Amino acid sequence: MHLNCTVQSAVDGAVQLTDGSSFDAALIVWTAGNDANPVVSKHTDLPINSRGLVIVRPDLRIGTETEVVPAAWAAGDDAAVPDLALPGAFTVPNAQHAFRQGKLLARNIAAALRGRPSKRYRHPSLGSVATLGLGRGIFQYKKITIKGPVAWLMHRGYHVLAVPTWERKVRVLAVWLTAALFGRDIVSLAAVEHPRDAFLRDGSAPAVTNRASVLS
Ligand SMILES: Cc1cc2nc3c(=O)[nH]c(=O)nc-3n(C[C@H](O)[C@H](O)[C@H](O)COP(=O)(O)OP(=O)(O)OC[C@H]3O[C@@H](n4cnc5c(N)ncnc54)[C@H](O)[C@@H]3O)c2cc1C
């Protein structure tokens, strides 16, 4: 365990930490969070907080308490949206908030164009749920805790409901069902080490995906 330091670089498997120590690693698993997009934080004149996020009001208009930026709105990971369900806090950067904020933002823009009042974003937490392998899960809401297969089913059920569009719901369910019948996918770590090679080989444009399985 290396405490009170961060990873500075990891070139060719040599991990360099900010406390000056370094070591070699054959496998590096990145579990850190993501940062504000520098395009927004460094290349705009929008109001930005200390974390580089755009400051928005509860109705998702960009602006501080004293000054609003006309006709400018923001939502999702790059916006510091006040969490009205947890006074003093900001909504955490996850897809569920981004998705709901996106819908409200669209409605608020339409309302503003029609001269109607905008609505404030408020979404109380539905609890936390996580899974570890097939049939094992845990759900927690305030003092209520559910463990085991029921929590695992709740996790899976919630995710299927949350995934947008029927096509994607069916795709996700199909993958889960095959995993239940045949076990986990076997992934070649060699391919994971050089993900860009496949795109270069096929002459296609590189792609980036950023999905995992966490719920808050
Ligand atoms: C590995 C990982 C796992 C995650 N797992 C979960 C999960 O299980 N559950 C969950 O709720 N959330 C999860 N999240 C968080 C979730 O993905 C984000 O909170 C959500 O996607 C934020 O939505 P967004 O629209 O604000 O930003 P994004 O989805 O990041 O969309 C921003 C878009 O802007 C584009 N863009 C960036 N710069 C420019 C530019 N200069 N010009 C034009 N376009 C640009 C990007 O290409 C991107 O398409 C995960 C995130 C990561 C990284």
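What follows is a friendly conversation about a predicted model of a protein.

Visitor: How many helices and strands does the protein have?
Guide: Happy to start with the overview of this predicted model. The protein has 216 residues, of which 23% count as buried. Its C-alpha atoms fill a box of roughly 55 × 45 × 45 Å along the principal axes. The secondary structure comes to six helices and 10 strands.

Visitor: How far apart are the centres of domain 1 and domain 2?
Guide: The domain assignment gives domain 1 as residues 1-31, domain 2 as 38-113 and domain 3 as 128-182. Taking the centres of domain 1 and domain 2 over C-alpha atoms, the separation is 34 Å.

Visitor: What share of the contacts with a separation of 6 or more comes from residues 24 or more positions apart?
Guide: Here the count starts from contacts in the protein with a separation of 6 or more. Among these, the share from residues 24 or more positions apart is 33%.

Visitor: Which strands are at the edges of the open sheet β1-β2-β3?
Guide: This sheet has three strands with antiparallel pairing, in the order β1-β2-β3. An edge strand here pairs on one side only. Neighbouring strands are turned by 15° against each other on average, direction ignored. The edge strands are β1 (7-11) and β3 (22-24).

Visitor: Which residue of β2 stands opposite Ser9?
Guide: β1 and β2 are antiparallel and share four bridges, while three bridges join β2 (residues 14-17) to β3. On the β3 side, Ser22 stands opposite Gln16. On the β1 side, the residue opposite Ser9 is also Gln16.

Visitor: Which residues make up the covered face of β2?
Guide: In a regular strand the side chains alternate between the two faces of the sheet. In β2, Ala14 and Gln16 lie on the uncovered face. The covered face is made up of Val15 and Leu17.

Visitor: Which residue in the turn between β2 and β3 has a positive phi?
Guide: Let's take the two hairpins in order. In the hairpin of β1 and β2, two residues lie between the strands, and Asp12 takes a positive phi near 55°. The hairpin of β2 and β3 has four residues between its strands, and a positive phi of about 95° in that turn belongs to Gly20.

Visitor: What is the bridge partner of Ala130 in β9?
Guide: Another open sheet has three strands in the order β8-β9-β10, with antiparallel pairing. Its edge strands are β8 (128-131) and β10 (144-147), and neighbouring strands are turned by 10° against each other on average, direction ignored. β8 pairs with β9 (residues 137-141) over four bridges. In β9, the partner of Ala130 is Ile138.

Visitor: What span is expected for helix α4 at 1.5 Å a residue?
Guide: Helix α4 covers residues 166-182, which makes 17 residues. From its first C-alpha to its last, the helix reaches 24 Å, close to the expected span of 24 Å.

Visitor: Which residue follows α4, and what is its phi?
Guide: Just after α4 comes a glycine with a positive phi. The residue is Gly183, and its phi is near 90°.

Visitor: Is Asn108 buried or exposed?
Guide: Asn108 sits in helix α2 (residues 95-113). The cut-off for buried is under 20% relative accessible area. Because the relative accessible area of Asn108 is 2%, this residue is buried.

Visitor: Which residue offers the backbone oxygen that the side chain of Asn108 reaches?
Guide: Leaving out residues up to four places away in sequence, Asn108 touches Asp59, Trp73, Ser118 and Lys119. The side chain of Asn108 comes to 3.0 Å from a backbone oxygen, within the 3.5 Å limit for a polar contact. That oxygen belongs to Asp59.

Visitor: Is Asp202 buried or exposed?
Guide: Asp202 has its place in helix α6 (residues 196-202). Exposed means over 50% relative accessible area. Since Asp202 has 59% relative accessibility, this residue counts as exposed.

Visitor: How far apart in space are Asp202 and Phe182?
Guide: Along the sequence, Asp202 and Phe182 are 20 residues apart. In space, from C-alpha to C-alpha, the distance is 30 Å.

Notes
Residues numbered from 1 in each chain as written. Predicted model: local features only at pLDDT ≥ 70, side-chain atom pairs only at ≥ 80, totals over all residues. Heavy atoms only, no water. Buried < 20%, exposed > 50% of the residue type's maximum accessible area, 1.4 Å probe, protein only. Polar contact = N/O pair within 3.5 Å; in protein donor to acceptor, adjacent residues only side chain to side chain. Contact = heavy atoms within 4.5 Å. Domains from an automatic or database assignment. Pairing = 2+ DSSP bridges. Axes fitted to C-alpha atoms, helices over the stretch in contact; angles between N-to-C directions. Expected span 1.5 Å × (residues − 1).
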